[in-house]
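Here is a chain to work through by question and answer. Look at the fold before reading on.

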Amino acid sequence: MKELIGSPGTVTGLTLRITQCAFAASSIALMVSASGFSTFTAFCYLIASMGLQLLWSFGLACLDVYALRRKRDLHNPVLVSLFVVGDWVTAMLSLAAACSSAGVIVLYAKDLDFCNPQNHLPCRKFEISIILAFITWLLIAMSSHVMFWILASF
C-alpha cells in the first residue's frame with residue numbers, strides 16, 4: 001500500500017495533528033480572551049467544537065507518537081474506521097461552528113453595525129478566532145480525506 005501524506009503513525013500525520021491542536025487551541029484562546037463572547041450562543045458552540053477537536057487531535061497525536069516510538073503500524077481496518085468516523089464527526093461539528101460564528105459576526109459587523117467603538121465589542125478578536133477555526137476545519141478535512149482513502153484501499 002502506498003504511504004499517504006498525513007496517514008496515522010507517520011511524521012506527517014503527527015505534524016498534521018499537532019497543527020490541528022495548535023489552531024484549535026489558538027481559536028479557543030482568542031475567543032475566550034475577548035470580553036462578552038459568552039453572550040453569543042454561536043461563539044460558545046465554537047468554543048465547545050474547538051475543544052472537542054483539540055482533544056481528538058491531541059489523542060491521535062499521542063497515538064502517532066506511540067506508533068513512531070514503537071515502530072507500530074496503525075493501518076488496521078478497525079483503527080482506520082474509527083479515525084474516519086471521528087475525523088468526519090469533528091469536521092462537521094467544526095464547520096458548523098465556524099459557519100454559525102461567521103454568520104453572527106457578519107450580522108453584527110456589517111448589518112447591525114454593533115462593532116463600532118461605542119459598543120465595546122471585540123469584533124476583531126471574534127473574527128480572528130473564526131478564521132483560526134476555519135483553518136482548523138481545513139486541516140481536519142485534509143486528515144479525514146486521507147483517512148477515507150486509506151480505508152478505501154483495504
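Q: Does the end-to-end distance of helix 2 agree or disagree with the span expected from its 30 residues, and what is that distance?
A: This is a predicted model. At 1.5 Å a residue, the 30 residues of helix 2 should span 44 Å. The C-alpha atoms at the ends of the helix agree with this, as their separation is 44 Å.

Q: Which residue follows helix 2, and what is its phi?
A: Helix 2 covers 41–70. The residue after helix 2 has a positive phi, near 55°. That residue is K71.

Q: Which residues of helix 2 are buried, and which helices help to cover them?
A: Buried here means under 20% relative accessible area. The buried residues of helix 2 are A42, F43, L46, I47, S49, M50, Q53, S57, L60, A61, D64 and A67. An α-helix has 3.6 residues a turn, so residues three or four places apart point the same way. The cover over the buried residues of helix 2 includes helix 1, helix 3 and helix 4.

Q: Which helix gives the largest share of the largest nonpolar core?
A: This core has 19 residues, and M31, F43, L46, M50, I105, F126 and I130 touch the most other members. Helix 1 (11–33), helix 2 (41–70), helix 3 (77–111) and helix 4 (123–152) each supply at least two residues. The largest share is five residues, and it comes from helix 3.

Q: What does I105 touch, leaving out residues up to four places away in sequence?
A: I105 is one of the core members that touch the most others. Contact requires heavy atoms within 4.5 Å. On that basis the partners of I105 are F43, K110, C123, F126, E127 and I130.

Q: How many residues make up the other core?
A: Another core lies apart from the largest one. Among its members are L60, V146, M147 and I150. Its residue count is seven.

Q: In what order do the elements of the chain run?
A: The chain has four helices and zero strands. From the N terminus on, the order is α-α-α-α.

Q: Among contacts between residues at least 6 apart in sequence, what share joins residues at least 24 apart?
A: The C-alpha trace spans about 60 × 25 × 20 Å along its principal axes. Of the 154 residues, 40% count as buried. For contacts joining residues at least 24 apart, the share is 80%.

Q: How far apart are the mean positions of the positive and negative charges?
A: The chain carries 9 positive and 7 negative charges. Their mean positions are separated by 11 Å.

Definitions and conventions
Residues are numbered from 1 along each chain as its sequence is written. This is a predicted model: local features need pLDDT of at least 70, side-chain atom pairs count only at pLDDT 80 or more; totals for chains, interfaces and linings use all residues. Side-chain values use heavy atoms; hydrogens and water are left out. A nonpolar core is a set of buried Ala, Val, Leu, Ile, Met, Phe, Trp, Tyr and Cys residues joined through side-chain atoms within 4.5 Å. Buried means under 20% relative accessible area, exposed over 50%, partly exposed in between (1.4 Å probe, protein chains only). The expected span of a helix is 1.5 Å times one less than its number of residues. Lys and Arg count as positive and Asp and Glu as negative; His and the chain ends are not counted. The place of a charge is taken as NZ of Lys, CZ of Arg, CG of Asp or CD of Glu.
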